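The following exercises are to be worked through with the sequence and the coordinates side by side. Each task is followed by a solution that proceeds in steps.

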Amino acid sequence: MAEQPVFLSNDVVARFLSYDELIPRLEEVLGRFSRGSSSDVVQPVRSVIPIHNHSGFLGLMPAYIAHEDTLCTKMVAFYRREENVNLPSTQATVLLFNPEYGNVTAVMDGLDITHKRTAAVSAISAKLLMPAQSDVLCILGCGHQAVSHYEIFTKLFSFKEVRVCSRRLETAERFAAGVQGPVTVLSSAKEAVHGADIIITVTNSSKPVLFGEWVKPGAHIVAVGACRPDWRELDDVLMRDAVIYVDSREGAAVESGDIILSGAEVFAELGEVLNGTRPALRNKTTVFKSLGMGIQDAVAAKLVFDEWKSSQ
Ligand SMILES: NC(=O)C1=CN([C@@H]2O[C@H](COP(=O)(O)OP(=O)(O)OC[C@H]3O[C@@H](n4cnc5c(N)ncnc54)[C@H](O)[C@@H]3O)[C@@H](O)[C@H]2O)C=CC1
Ligand SMILES: O=C(O)C1=NCCCC1
């Protein structure tokens, strides 16, 4: 009879999930995904059901990675919260299976995985696409993803200035007080992005928060929010003028309002750049439109489980 699944709380997951180990695994799996062999990496586009009564949605994100025999699914609920509502915007659970028998080996809280793997993929895009001389980082939105993005971007790169701006000034000030390191808080998004070399949008907005006319030519934009087909973070001018990279073309065509509604063409997947089959056009204005993928959760969950198991 199969063993009972282990439950790993968010604290335990966080203890065993390090960016140093996560980043190379994400690079590898993104490259494999973009080689397009469905016998190696299987990942359908996320199934999403809206939770109309509560301004949220539930996403189901299964994935199978054959070469490392990882079978996993994440279930993630996201809610568009007002900042003064003291409820979490994201809840996530990851199930890791024994692929041979189909039983669940681990049930993990998926919050830390979601925060870290998203920020890590954004950092991979920056490594590939940000201008060679990048002095100013700007983060628009000061929620949970902003924290993990701040953490990894300031760990991997050295900026002369990090600016933040959120819908409410108090949120940005709270963010600045909570992170380890210097931050300039601005009350206007236009001022915050002025002259920035990298701009990360991590908002829950359904309307553009970043406009092409504000953006310094050659900047790299990492667009993490707007993960529904009718949500936007970036305006048409930016989407038209920039070179667009995505995590998954298939996912972007179904889920990204910025791509679908602007009619912008996708130039490449991040995995194609990692594989060397499409170029990294660092000298142009580039957008990495991130939506999140089940394979990213799967490699993170496998890493956590293996580390946890060897600690027992
Ligand atoms: N691409 C991916 O893999 C993932 C994307 N997401 C998306 O990332 C976004 C952020 O997620 P969380 O940080 O967890 O959400 P959150 O609810 O913790 O934070 C959202 C932040 O956006 C700010 N905001 C809203 N409108 C704004 C505006 N017009 N200008 C500036 N700031 C504004 C809010 O004030 C808040 O600080 C969400 O859209 C979420 O769906 C989340 C997980 C993974
Ligand atoms: O990939 C994820 O995880 C998510 N993406 C979009 C918003 C909810 C979580």
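**Exercise 1. The two domains**

How many Å apart do the C-alpha centres of domain 1 and domain 2 lie? Establish also which elements of domain 1 face domain 2.

Solution. Bear in mind from the outset that this is a predicted model. Begin with the division of the protein, in which domain 1 comprises 6-113 + 295-311 and domain 2 comprises 114-294. The C-alpha centres of these two domains lie 21 Å apart. Next, count the contacts, taking two residues to be in contact if their C-beta atoms, placed from the backbone, lie within 7 Å: 35 residues of domain 1 then touch 27 residues of domain 2. On the side of domain 1 that touches domain 2, two or more residues come from each of α2 (19-35), β4 (56-65), β5 (70-79), β6 (90-97), α3 (111-129) and α11 (294-310). Of these elements, α2 gives the most, with ten residues. Finally, sort this side of domain 1 by class, which yields 19 nonpolar, eight polar and eight charged residues.

**Exercise 2. The shell around ligand 1**

Determine which residues are closest to ligand 1 and describe the make-up of the shell.

Solution. First collect the surrounding residues, of which there are 31, the closest being S89, G143, Q145, G225 and G292. Then assign them to elements: α3 and α4 (144-156) are those that give two or more residues to the shell, and α4 gives the most, with three residues. Sorting by class gives eleven nonpolar, 16 polar and four charged residues. As a last step, compare the shell with the domain division, whereupon domain 1 and domain 2 are each found to supply at least three residues to the shell around ligand 1.

**Exercise 3. The eight-stranded sheet**

Trace the strand order of the open sheet of eight strands, and explain why β10 and β14 each have one side without a neighbour in the sheet.

Solution. Reading across the open sheet, the order is β10-β9-β8-β11-β12-β15-β13-β14, and the pairing is parallel. Because β10 (184-185) and β14 (266-269) stand at the edges with a single partner strand each, one side of each remains without a neighbour in the sheet. Now take one pair within the sheet: β12 (residues 220-223) and β15 (residues 286-289) are joined in the parallel sense over four bridges, and H220 stands opposite T286 in β15. To complete the picture, place the helix α3, which lies across β11 (198-201), β12, β13 (243-246) and β15 and runs at about 165° to β12.

Notes. Residues are numbered from 1 along each chain as its sequence is written. Chains are lettered from A and ligands numbered from 1 in the order in which they are written. This is a predicted model: local features need pLDDT of at least 70, side-chain atom pairs count only at pLDDT 80 or more; totals for chains, interfaces and linings use all residues. Domain bounds come from an automatic or database domain assignment. Ala, Val, Leu, Ile, Met, Phe, Trp, Tyr, Cys and Pro count as nonpolar, Asp, Glu, Lys and Arg as charged, and the others, Gly among them, as polar. A residue is near a molecule or strand if its C-beta atom, placed from the backbone, lies within 6 Å of it. Two strands pair if DSSP finds at least two bridges between them. Axes are lines fitted to C-alpha atoms, for helices over the stretch in contact, and angles run from 0 to 180 degrees between N-to-C directions.
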